Amino acid sequence: MKIFSQLIFAFVCVSILSIWSLSYWANYSIFTIPKYILLFLPRWWLIVVVLFLLTFWRHFNKAQLYILPLLIIGSLQYLDFQIPSVNIGDKAKVDQMKIITINMGEGSRISSLKRLVDYYEPDILLIQEISEWHLKGIFDDYWGVDCDSGLCIASKMPFERIHTFDRRMIGGWGNFAAIYHVDTSEGIINLVNVHFETPRQILLEILKRGRMSYLSKNKDENRQLEPSLLNREIAGLKNVIVAGDFNMPVDDIEYRRNFSWLTDAFNQKGFGLNHTQYIEWEGIPFLSFRIDHILFSDSFDIGEVDVLGGLGGDHRPILATFSFSE
């Protein structure tokens, strides 16, 4: 039993060290498959193993007992359990702007989107995987609506689409990002709606074949290229908000490489598990991740953040309120 407990202890330590050092070893193509496995496995596996490990605490020496709390913390971080980094009791400012983003794919209901708009009354709605004809009848005349190749914006404030990033330049279809100038009473906001390449094809091939085909390798390259192209365009801009379906968790190397200069709204003020995608198996949410994000530059103060109820698809809307920093 002691040998068994030591093996589990060593396995957990190696797993957490691998997760913490992901941004270093994941740079190498030889580790592409382990990277995807760690990023997109059901993340509850580690906390389950750690809790099982605690039942063997009598077999551990003093040093191992001191390490156990670090293993618990590491497993919670991997699960993406969040603790606010600012005072969640901060008083909200009167001039806040409310933004909601939602991916409407995989069976999301337009009627539910209408109810969401009526109930939460956002100032700006960023939508992925939708076309303009789906939005007819949802917004009143004072809203401005613009759609292009699966990315839509609806805004109560005047805006102009400045630039779109078309996947045809990298051998795909549809847009993966759109940049807008939104005119507010306090200045222009550089607002970006994103929908980066999904890892679905890559994960299916890893699960079925244990390897990646040429097509999957190409999609992996696109997952690196798309955020990099966007970052080159917006790095150095002021008053930046980037929101949408990133298709990457915050510990993904591409997220850290391209968006670490921005603040994640949920990293700043989220509490608990704020997963935005739920994939069900036999009616049970077997997989859940936080792959939809709202990021902002230091021009803004963050107010409320929340993951809202689902609209019938596998993604859930996320909401954040902002005001310009004083």
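## Close-up views of a predicted model

**Figure 1. The enclosed space.** Just one cavity of 30 Å³ or more turns up in this structure. A cavity here is a set of points, on a 1 Å grid over the protein atoms alone, where a 1.4 Å probe fits but cannot get out. Points are joined across faces, edges and corners, and a volume is the space filled by probe spheres set on them. This is a predicted model, so local features need pLDDT of at least 70 and side-chain atom pairs pLDDT 80 or more, while totals for chains, interfaces and linings use all residues. Residue numbers run from 1 along each chain as its sequence is written, and side-chain values use heavy atoms, with hydrogens and water left out. The largest cavity comes to about 30 Å³. Around it sit Arg 43, Asp 80, Pro 249, His 275, Phe 289 and Arg 290, lining residues being those with an atom within 4 Å of a point. By class, that lining is two nonpolar, one polar and three charged. Nonpolar covers Ala, Val, Leu, Ile, Met, Phe, Trp, Tyr, Cys and Pro; charged covers Asp, Glu, Lys and Arg; the others, Gly among them, are polar.

**Figure 2. The largest pocket.** About 1200 Å³ is the volume of the largest pocket. Its lining runs to 45 residues, and Thr 198, Pro 199, Arg 200, Gln 201 and Asn 247 are the closest to its centre. A pocket, unlike a cavity, is an open set of points with protein on both sides within 12 Å along at least five of seven lines. At least two lining residues each come from helix H3 (32-40), helix H7 (200-209), helix H8 (214-234), strand S12 (277-281) and strand S13 (284-289). Those labels are DSSP runs numbered from the N terminus: helices are H or I with at least four residues, strands E with at least two. H7 chips in the largest share, six residues. Sorted by class, the lining has 21 nonpolar, 15 polar and nine charged residues.

**Figure 3. Gln 201, at the centre of the largest pocket's lining list.** Gln 201 sits in helix H7. Is Gln 201 buried or exposed? Neither, quite: it counts as partly exposed because its relative accessibility is 28%, where buried means under 20% relative accessible area, exposed over 50% and partly exposed in between (1.4 Å probe, protein chains only). Setting aside neighbours within four places in sequence, Gln 201 is in contact (heavy atoms within 4.5 Å) with Leu 215, Ser 216 and Lys 219. Met 212 is eleven residues from Gln 201 in sequence and 9.3 Å away, C-alpha to C-alpha.

**Figure 4. The second largest pocket.** This pocket takes in about 500 Å³. Of its 20 lining residues, Gln 77, Tyr 78, Asp 80, Phe 81 and Val 250 are the closest to the centre. Helix H1 (2-20), helix H5 (62-78), strand S1 (81-82), helix H9 (253-259) and helix H10 (265-269) each give two or more residues. H5 has the largest share, with four. The lining splits into eleven nonpolar, four polar and five charged residues.

**Figure 5. Asn 267 and its contacts.** Asn 267 belongs to helix H10. It is partly exposed, at 34% relative accessibility. Beyond four places in sequence, Asn 267 touches Gln 82, Ile 83, Ser 85, Val 250 and Arg 290.

**Figure 6. The largest nonpolar core.** This core has 30 residues, and Phe 9, Val 12, Leu 38, Leu 46, Leu 53 and Leu 71 have the most contacts inside it. Two or more residues come from each of H1, helix H2 (22-25), H3, helix H4 (44-54), H5, H7 and S13. H1 gives the most, six residues. A nonpolar core is a set of buried Ala, Val, Leu, Ile, Met, Phe, Trp, Tyr and Cys residues joined through side-chain atoms within 4.5 Å. Leaving out residues up to four places away, Phe 9 touches Leu 53, Phe 60, Gln 64, Ile 67, Leu 68 and Leu 71. A second, separate core of 26 residues includes Leu 126, Ile 153, Val 182 and Ala 265.

**Figure 7. The buried residues of H4.** In H4, Trp 45, Leu 46, Ile 47, Val 50 and Leu 53 are buried. The buried residues of H4 pack against H1, H3 and H5.

**Figure 8. The disulfide.** One disulfide is found in the whole structure, meaning a pair of cysteine sulfur atoms within 2.5 Å. Cys 147 and Cys 152 form it, with their sulfurs 2.0 Å apart. The link is right-handed, with 120 degrees about the S-S bond. Both Cys 147 and Cys 152 are buried.
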